[in-house]
Amino acid sequence: KDQVQLTEFLKAAQTWEKTLTSMEGMVQDSKAKQLLGYMLTKSKEHYQTISKHLNTGQKVSQGQQTESGGQRTQLSDHDALKLTVKEIKNFASVIHTSILETRSEGLSRDYMTILGDTYSKHKLLCDYMEEKGFLE
């Protein structure tokens, strides 16, 4: 059961990375780009930490990060960061569920570390948004 849950977590982590990559490319403000880039770097580190728990020889398929030839939707910094807050909450929920469902103590510890880090990133993001007047 842990392996199935682990694979689901890693797929959610990949989606979270794609969201961060997309939002980092959309925002104009340099501090917002820096914050999202930092979050992306940490997310990739967390992915590597959790992927080590997979059984030997088992891999989660990495999605291709190619852009379609169509027009890319451009969001304002406010909307891009607001969407990022929504997605970080969704990802935190996945992490929380993973903690509750795993039977492996080591994996549970790694998930708890990632959840704590995710909370910290959420706070950084919200503090920045409040500074910019983006929070209602």
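What covers the buried residues of helix 4? Helix 1 (2-26), helix 2 (30-51) and helix 3 (77-101) are included in that cover. A reminder before I go on: this is a predicted model.

Let's stay with helix 4. It runs over residues 105-132, 28 residues in total. At 1.5 Å a residue it should span 40 Å, and its end C-alpha atoms are 41 Å apart, so the two agree. Its buried residues include Leu 107, Tyr 111, Ile 114, Leu 115, Leu 125 and Met 129. Polar and charged names are on that list too, among them Ser 108, Asp 117, Thr 118 and Lys 121. Just after helix 4 comes Gly 133, with a positive phi of about 80°.

Now the core. In soluble globular proteins, nonpolar side chains tend to be buried together. Here the largest nonpolar core has 35 residues. Which of them touch the most other members? They are Phe 9, Met 39, Ile 50, Leu 81, Ile 95 and Tyr 111. Helix 1, helix 2, helix 3 and helix 4 each give two or more residues to this core. Helix 1 gives the most, with nine residues.

Take Leu 81 from that list. Leaving aside neighbours within four places in sequence, Leu 81 is in contact with Val 27, Ala 32 and Leu 36. The same residue also contacts Leu 125, Tyr 128, Met 129 and Phe 134.

On to the rings. The structure holds three aromatic pairs. Phe 9 and Phe 91 form one that is tilted, 5.7 Å centre to centre with 35° between the planes. Phe 9 sits in helix 1 and Phe 91 in helix 3, 82 residues apart. Both of these Phe residues are buried.

Phe 91 has a second partner, Trp 16. Their ring centres are 5.9 Å apart and their planes are at 15°, so this pair is stacked. Trp 16 lies in helix 1 and Phe 91 in helix 3, so the pair ties together parts 75 residues apart in sequence. Trp 16 is buried, like Phe 91. Ring pairs link Phe 9, Trp 16, Phe 91 and Tyr 111 into a cluster.

Last stop, Ser 43 in helix 2. Is Ser 43 buried or exposed? Its relative accessible area is 6%; the cut-off for buried is under 20%, so Ser 43 is buried. Setting aside residues up to four places away in sequence, Ser 43 touches Ala 13, Trp 16, Glu 17 and Leu 20. Trp 16, then, turns up twice: in the ring cluster and against Ser 43.

Key:
Residues are numbered from 1 along each chain as its sequence is written. This is a predicted model: local features need pLDDT of at least 70, side-chain atom pairs count only at pLDDT 80 or more; totals for chains, interfaces and linings use all residues. Side-chain values use heavy atoms; hydrogens and water are left out. Helices (H or I, at least four residues) and strands (E, at least two) are DSSP runs, numbered from the N terminus. The expected span of a helix is 1.5 Å times one less than its number of residues. Buried means under 20% relative accessible area, exposed over 50%, partly exposed in between (1.4 Å probe, protein chains only). Contact means heavy atoms within 4.5 Å. A nonpolar core is a set of buried Ala, Val, Leu, Ile, Met, Phe, Trp, Tyr and Cys residues joined through side-chain atoms within 4.5 Å. Rings of Phe, Tyr and Trp (its six-membered ring) pair if their centres lie within 6.5 Å; planes under 30 degrees apart count as stacked, over 60 as edge-to-face and the rest as tilted.
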